[in-house]
Amino acid sequence: MICALASSVCFGAASVLQAMGARATTPGTGGGVDIALMWRVLRQWRYLAGLCADGLGFVLQIVALRTLPIYVVGAALAASLAVTAVIASRVLRVRLSRVEWTAVGVVCAGLALLALASGKEGHEEGPGWLPWALLASAFGVLLLGVVGGRLPAKPRALVLGLGAGFGFGVVEVAVRLIDGIDLADPVWYALLVGGGAAFVLLTSALQRGSVTTATAGAVLGETVGPAIIGVVWLGDTTREGLGWLAVTGFAIAVAGSLTLARFGEPPETEGRPTETGPATTAGAEGAGAGGAGTGSAPGPASGPGHDHGTGPDRGDDGS
């Protein structure tokens, strides 16, 4: 549990560090993706520190997935949004509403219930078709990205976010199934394809749609499915008689994280124009972290849990 929580802290802190690095970088001109922006932000030490925090978080996530039920790790990774929110409120002076502060407390309460109710990690290998199903799901995420990218703006963010969550979920399950290095094992390819597809889809969703919607979709996609697979096929259990408490804690933690979904991308930088109005100032006024209709930081942003990775400037064509 310590590794899962530490991973969540790493991912949450990485988002803020990357936001600070991005805000110290001169934004590009024009709309669309600014490829040169990556080279500029990589010269910011805070951004590099954020990448290191992401790397450490991923290692801790792997350790947690090998020692805890998937449903516990998934909920803990979703809770990284609460970490981002708390740190952003202090370091970036982002103003949290009473509802959001309550959501932070709710996430902590949900994780506490999970810690009390969770049993041992399952040691079952699952049915023989599961690795192949994971590989098929990974390619399905790519297909979902092709289809979802052609949808109108509102459903596009949700579909791409869900697809990214499914991809991260494939990674979570694949880590549990890996048993040594075997290039003939489809699980390895499922991990690589699923993780890569999730990164691309989440980046696209954040570039071209609502951050809140995309992040909420990703949280749902990466928590519910893997949790069910862990319980049904991989032997994840709860403590005797406390199954109801584990379900309650999981639901509470995920619900609280969804309330904080706007923190799926760091706050907008000073002077960035929004989609619906003039530029706003990030600072004492508490610039938002990027909900529907708001601007974004001129640089990559960490996704939920895992994710979980970074993405480039979303440009002027979406929030």
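Over residues 269–319, pLDDT (the predictor's confidence in each residue, from 0 to 100) stays under 50, and the model has 171 contacts for this stretch beyond four places in sequence, a contact being heavy atoms within 4.5 Å. Another such stretch is residues 29–35, where pLDDT also stays under 50 and nine contacts beyond four places in sequence turn up. Averaged over the chain, pLDDT comes to 78, with 76% of the residues scoring at least 70.

Some ground rules help here. This is a predicted model, in which local features need pLDDT of at least 70 and side-chain atom pairs count only at pLDDT 80 or more, while totals for chains, interfaces and linings use all residues. Residues are numbered from 1 along each chain as its sequence is written, and side-chain values use heavy atoms, with hydrogens and water left out.

As for the fold, the chain has eleven helices and zero strands; these are DSSP runs numbered from the N terminus, with helices being H or I of at least four residues and strands E of at least two. Of the 319 residues, 54% are buried, meaning under 20% relative accessible area with a 1.4 Å probe and protein chains only.

Helix α4 (residues 70–78) is a good place to look inside. Nine of its nine residues are buried, so α4 is largely enclosed by the rest of the structure. Among them are Ile70, Tyr71, Gly74 and Leu77.

Now for the packing. Helix α4 meets helix α8 (residues 153–177) at an angle of about 140°, their axes lying 11 Å apart. Axes here are lines fitted to C-alpha atoms, for helices over the stretch in contact, and angles run from 0 to 180 degrees between N-to-C directions. The two helices are therefore oblique to each other, a label for angles that are not under 35 degrees, over 145 or from 65 to 115. Their crossing is right-handed, that is, the near helix is turned clockwise from the far one by less than a right angle. Ile70, Gly74 and Leu77 of α4 touch Glu172, Val173 and Arg176 of α8.

Helix α8 also packs against helix α10 (residues 211–232), at an angle of about 35° and with the axes 6 Å apart. This crossing, too, is right-handed. On the α8 side the contact includes Gly161, Gly165, Gly169, Glu172 and Val173, and on the α10 side Gly217, Gly221 and Ile229 are among the residues involved. Glu172 and Val173 of α8 thus appear in the contact with α4 and in the one with α10.

Methods. Buried < 20%, exposed > 50% of the residue type's maximum accessible area, 1.4 Å probe, protein only.
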